[in-house]
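Trainee: Could you take me through one part of this model at close range? I'd like to look at a helix pair where the two chains meet, and then see what surrounds that pair.

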Amino acid sequence: MKMILKIFITFFKIGAFTIGGAYAMIPLIRREVCQKNNWLTEDEFLDGLSAAQSCPGPIAINLSIYIGFHLAKGKGMATAVLATILPSFITILIIAMLFQQFAEVTLVQKAFHSLRPAVVALIAVPLIQMSKQSGLTLSNCWFPLSVAVLVGFLKISPVYLILITIAFAVYQGLKKQK
Amino acid sequence: MMIYFELFRTFFKIGLFSFGGGYAILAMINQEVVLKNAWLTNSQFMDIVAISQMTPGPIAINAATFIGYQKGGFLGSVISTLGVIFPSLIVMTLITLTYIKLKNQPWFKNIFRKLRLLSLGLIAAAFIMIAGDAFRDLFSVLVFTASFIASWKFKLNPFYLLIGAAVIGIALG
């Protein structure tokens with residue numbers, strides 16, 4: 001029981017203090033889990049992290065599933081996930097409750113008028129940064145470009161493209177193996 | 001009753017097909033909640049992305065909680081949030097149990113090499129989908145340019161960047 005409580009407090013803290021996406025969360029999770037509590041070795045953590053990045057869904061949630069399961073099976077997993085989402089759930093719920101009243105206020109409208117182009121910039125920057133990390137070359141750039149056109153302009157669902165990509169990658173990988 | 005089912009189905013789908021985290025998910029969320037279900041306008045969608053970058057938690061979860069509340073009250077927000085994490089619970093448990101065996105298989109590694117490139121295209125798609133509605137006047141273009149430089153050249157944290165944008169909007173907009 002004490003372990004479950006400890007899992008809850010640790011992941012609640014992780015959920016509450018990470019603003020700005022999963023990559024801000026990872027160093028904090030590592031410190032809490034590997035250094036402060038000695039729950040996982042560095043190697044186990046890195047294995048969990050790459051599994052979390054491979055799996056669909058938010059990385060932080062996947063990582064808490066992995067660590068919670070490692071510590072206390074199903075109970076640990078449920079506790080870790082619940083504790084990670086609770087701070088953001090409460091925050092957004094309060095904002096959603098107040099949003100309709102505040103949306104009419106001129107100051108709020110002005111703020112959002114300026115926030116929208118800022119959000120577009122936040123999406124444009126990782127596009128450039130990621131193109132270096134993801135192994136983009138002249139010979140394969142047709143692929144992300146076609147995805148952008150198919151999804152962005154022609155409104156094809158990413159679901160089909162993801163399924164086709166996975167099927168092709170498995171086929172290609174198995175062929176190389178032979 | 002119907003709306004709860006639709007919320008769960010939509011966010012389950014978003015959770016199941018979100019790879020690579022963060023901005024790669026946005027195109028999928030936009031298609032489902034703006035184009036298909038018309039639960040939000042494009043501007044409201046951008047507002048939620050801004051809110052989610054200023055509050056704790058992943059974008060997919062924040063969007064689920066917010067839209068769930070707007071469409072189905074408290075119960076709607078609980079159902080949508082659970083819907084988006086449900087696929088993670090199933091797939092992650094399977095992967096945790098088999099990852100050690102899978103991780104050195106060439107076909108398994110190849111999936112993520114290819115999906116990384118796909119994510120890049122999906123982020124570009126999200127940009128295409130919302131940029132038109134964001135650039136309504138000269139002021140918007142100026143805010144975009146300033147934010148772009150602050151984030152790219154000076155690596156400004158998104159939280160502070162958005163607080164700054166909000167303040168500038170209130171003062172000058």
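**The α5 pair**

Mentor: Sure. In this predicted model, helix α5 (residues 106-133) of chain A and helix α5 (residues 106-134) of chain B cross at roughly 155°, and their axes come within 9 Å. Angles over 145 degrees count as roughly antiparallel, so α5(A) is roughly antiparallel to α5(B). The crossing in which α5(A) passes α5(B) is left-handed.

Now for the residues. On the α5(A) side, the contact is made by R116(A), P117(A), V120(A), I123(A), A124(A), P126(A), L127(A), M130(A) and S131(A). Facing them from α5(B) are L120(B), I123(B), A124(B), A126(B), F127(B), I130(B), A131(B) and A134(B). Sort that contact by class and you get 15 nonpolar residues, one polar and one charged.

Two names from that list are worth keeping in mind, I123(A) and A126(B). They are the residues with the most contacts inside the largest nonpolar core, which has 103 residues. The element that gives the most to this core is helix α4 (residues 59-102) of chain A, with 17 residues. As for A126(B), leaving out residues up to four places away in sequence, its contacts are I123(A) from the other chain, plus Y23(B), L26(B), A27(B) and N30(B).

Zoom out to the whole interface and 82 residues of chain A are in contact with 87 residues of chain B. The elements of chain A that give two or more residues to its side are α1, α3 (42-54), α4, α5, α6 (142-153) and α7 (158-177). The largest share comes from α5(A), with 22 residues. By class, the side of chain A that touches chain B divides into 56 nonpolar, 21 polar and five charged residues.

For contrast, here's a helix pair inside chain A. Helix α1 (residues 2-16) of chain A packs on α4(A) with the axes 7 Å apart and an angle of about 40°. That angle makes α1(A) and α4(A) oblique to each other. Here α1(A) passes α4(A) in a right-handed crossing, and their contact has 15 nonpolar, seven polar and one charged residues.

So, back to your helix pair: α5(A) and α5(B) are roughly antiparallel, and their contact includes both I123(A) and A126(B).

Notes:
Residues numbered from 1 in each chain as written. Chains lettered and ligands numbered in written order. Predicted model: local features only at pLDDT ≥ 70, side-chain atom pairs only at ≥ 80, totals over all residues. Core = buried A, V, L, I, M, F, W, Y, C linked by C-beta atoms within 7 Å. Buried ≥ 20, exposed ≤ 12 C-beta atoms within 10 Å, placed from the backbone. Helix = DSSP H or I, 4+ residues; strand = E, 2+ residues; numbered from the N terminus. Contact = placed C-beta atoms within 7 Å. Axes fitted to C-alpha atoms, helices over the stretch in contact; angles between N-to-C directions. Parallel < 35°, antiparallel > 145°, perpendicular 65-115°, else oblique. Left-handed = near helix turned anticlockwise from the far one by under 90°. Nonpolar A, V, L, I, M, F, W, Y, C, P; charged D, E, K, R; others polar.
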